[in-house]
Amino acid sequence: MPTVVEEPSRIPVPGGKTIDEYVGRVATGDSGVSVAVMAAPPGWSEPAQQPDFDEVTIVLEGSVLVEHDGETLVAHAGQAVVTRAGERVQYSVGPDGARYVAICVPAFSPELAQRDE
């Protein structure tokens, strides 16, 4: 049966980034997929990770940088980046910050992200 998600679940994270999850382990208890809108301030970055999920990042505003194998991909507003499970990546944002949608299959969890300490 179709359902309406009335509002996202805000997931607290350090560094000034906000995560508003609409579908996923926190918001709906769904482990198959997660969909979240994220906002990161200028200069934000997170530790490298080698997740056990595929991730599609759709950039709405600003730019998202993805470092992989010594190269950096830059996705600007209106573009997307697709990363596959098992790829070692590190996410950061450009000088204007970014607002973006992240879709993970299976759903994001800290354990599946396998971030560096």
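A residue counts as buried when its relative accessible area is under 20%, and as partly exposed between that value and 50%. With that in hand, let's look at two phenylalanines in this predicted model.

**The aromatic pair**

There is one aromatic pair here. Phe53 and Phe108 meet edge-to-face, with their centres 5.8 Å apart and 65 degrees between the planes. Along the chain the two partners are 55 residues apart, so the pair links distant parts of it: Phe53 belongs to the loop between β3 (34–40) and β4 (54–68), while Phe108 belongs to the loop between β7 (90–105) and α1 (110–113).

How do the two partners compare with the cut-offs above? Phe53 has 0% relative accessibility, which is under 20%, so Phe53 is buried. Phe108 has 26%, so this residue is partly exposed.

| Residue | Relative accessibility | Class |
|---|---|---|
| Phe53 | 0% | buried |
| Phe108 | 26% | partly exposed |

**The largest pocket**

Phe108 turns up again at the largest pocket, as one of the lining residues closest to its centre. The others in that closest group are Val13, Lys17, Ile19 and Arg115. The pocket has a volume of about 520 Å³, and 26 residues line it.

Which elements give two or more residues to this lining? They are β2 (18–23), β3 and β7, and β7 gives the most, with four residues. By residue class, the lining of the largest pocket divides into 16 nonpolar, four polar and six charged residues.

How values were computed. Residues are numbered from 1 along each chain as its sequence is written. This is a predicted model: local features need pLDDT of at least 70, side-chain atom pairs count only at pLDDT 80 or more; totals for chains, interfaces and linings use all residues. Side-chain values use heavy atoms; hydrogens and water are left out. Rings of Phe, Tyr and Trp (its six-membered ring) pair if their centres lie within 6.5 Å; planes under 30 degrees apart count as stacked, over 60 as edge-to-face and the rest as tilted. Buried means under 20% relative accessible area, exposed over 50%, partly exposed in between (1.4 Å probe, protein chains only). On a 1 Å grid over the protein atoms alone, a cavity is a set of points where a 1.4 Å probe fits but cannot get out, and a pocket is an open set with protein on both sides within 12 Å along at least five of seven lines; lining residues have an atom within 4 Å of a point. Grid points are joined across faces, edges and corners, and a volume is the space filled by probe spheres set on the points. Ala, Val, Leu, Ile, Met, Phe, Trp, Tyr, Cys and Pro count as nonpolar, Asp, Glu, Lys and Arg as charged, and the others, Gly among them, as polar.
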